[in-house]
Amino acid sequence: MSALILHHYPSSPFSEKIRLVLGFKQLPWKSVIIPSIAPKPDVLALTGGYRKTPFLQIGADIYCDSALICQVLEHEHPEPVLYPPHLKGVARVFAQWADTTLFWAAMAYNLQPRGAQALFANVAPEAAQAFGEDRRQMSAGMPRLRPADATAAYRSYLRRLAHMVEEHDFLFGAEPCVADFAAYHPLWFTRHCVPMMADILSATPAVLEWMDRLAALGQGRAEKFSAQDAITVAAGALPQPMPPQVFQDEHGIALGSRVSIAAESFGTEPTEGLLVAATRMHYTLARSDARAGTLHVHFPRIGYVLRAI
Ligand SMILES: N[C@@H](CCC(=O)N[C@@H](CS)C(=O)NCC(=O)O)C(=O)O
């Protein structure tokens, strides 16, 4: 199998989720550091429009969204398991809650003025302003939690997580599953990226101990790789042949149609291409790029909007 190439940047919480899954599965991977704000020409050469972080590349296959990346890693490297059979429903539902509700409450807490000022204390004012403007554009139209409401919700969520990890080492038992990695990353951002805001974690020592257990899994074996080399890998590969799979049509859009796929919210730049698969779990688009050649770009169904164009 071609190498796993993760496109990410150090302070990205969703990237930390995947780095830790790579550690859990003890995998070797190539690390491409991408910009944290637009423009991202090398990213777009591969994704065709999707600009969020992280995404996983395997040859000429591009997997967008950490939820799909977890599934792909499980499929390629089934042991140790991220989705234990007796938890496969609840672990996914919990992970989705953590990646959305918990994440946004934590980030509204983390990036309230006190946290944001400290985060950008050593950064040129223009860079801080450019970051703020980029995120404002990405989140246009999204409801925003006020700091006090975010703090109240985050505190409650931390207590609920504490109740779970007071019972056993990980959220659902003696071993971690996808739910643990999804709940970990927003808290990791509080603890490591805005440590001056981390006092909120002291009320739940069991959560801190659980975080230490997850961090001890490591991040696998990463090797630095350049964006240009990643594009060269894609240009020299062909997308993996699509295994026979059930076409699940919810939209009245036939396979082979020209479509766009975009996140429902927060960074809704679409990727366009030909629809080559729509399974229970994901969509696949075929597209070509002058630099990266022919690619398959994969998205989860949940959280994404598919349209004929
Ligand atoms: N649902 C997505 C969310 C990804 C996401 O929002 N990532 C943040 C960084 S952690 C992002 O894309 N920020 C803007 C950027 O990196 O350009 C996933 O699970 O991967």
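D65 sits in the loop that connects β4 (61–64) to α3 (66–76). In this predicted model, the phi angle of D65 is near 85°. That value is positive, and D65 is not a glycine. D65 counts as buried because its relative accessibility is 18%, and the cut-off for burial is under 20%. D65 is also listed among the closest residues to the ligand.

A positive phi also occurs at Q26, again in a residue that is not a glycine. Here the angle is about 50°. Q26 belongs to the loop between α1 and β2. Its relative accessible area is 58%, so Q26 is exposed. The cut-off for that class is over 50%.

The ligand is surrounded by 14 residues. The closest are K40, R51, T53, D65 and S66. Three of these side chains can be described by their distances to ligand oxygen atoms. For K40, a polar side-chain atom lies 2.6 Å from an oxygen atom of the ligand. For R51, the corresponding distance from a polar side-chain atom to a ligand oxygen atom is 2.8 Å. In T53, a side-chain N or O atom is 2.5 Å from an oxygen atom of the ligand. On its own, the ligand has 500 Å² of accessible area, and the protein covers 92% of it. Two elements, α1 (13–24) and α6 (125–138), each give two or more residues to the shell around the ligand. By class, this shell holds five nonpolar, four polar and five charged residues.

Two cis peptide bonds involve prolines. One runs from A38 to P39, with omega near 0°. P39 is located in the loop between β2 (28–33) and α2 (41–47). The other runs from T53 to P54, also with omega near 0°. P54 is located in the loop between α2 and β3 (55–58). T53, which precedes P54 in this cis bond, is one of the closest residues to the ligand.

Helix α8 covers residues 178–193, 16 residues in total. At 1.5 Å a residue, α8 should span 22 Å. The C-alpha atoms at its ends are 22 Å apart, so the expected span and the model agree. The helix nevertheless bends by about 30° at H185. A proline, P186, follows within four residues. Most of α8 is covered, with 14 of its 16 residues buried.

H185 itself is part of helix α8. Its relative accessible area is 0%, so H185 is buried. The H185 side chain makes a polar contact of 2.9 Å with the side chain of D99. The bend of α8 and this contact with D99 thus share one residue, H185.

A further buried polar residue is found in strand β8. T284 lies in this strand, which comprises residues 282–289. T284 counts as buried because its relative accessibility is 0%. Its side chain is joined to that of H298 by a polar contact of 2.9 Å.

Key: Residues are numbered from 1 along each chain as its sequence is written. This is a predicted model: local features need pLDDT of at least 70, side-chain atom pairs count only at pLDDT 80 or more; totals for chains, interfaces and linings use all residues. Side-chain values use heavy atoms; hydrogens and water are left out. The expected span of a helix is 1.5 Å times one less than its number of residues. The bend at a residue is the angle between axes fitted to the seven residues ending there and the seven starting there. Buried means under 20% relative accessible area, exposed over 50%, partly exposed in between (1.4 Å probe, protein chains only). A residue is near a molecule or strand if one of its heavy atoms lies within 4 Å of it. A polar contact is a pair of N or O atoms within 3.5 Å; within protein, one must be able to donate a hydrogen and the other to accept it, and residues adjacent in sequence count only if both atoms are side-chain atoms. Accessible areas come from the Shrake-Rupley method with a 1.4 Å probe; for residues, only the protein chains shown count as cover. Ala, Val, Leu, Ile, Met, Phe, Trp, Tyr, Cys and Pro count as nonpolar, Asp, Glu, Lys and Arg as charged, and the others, Gly among them, as polar.
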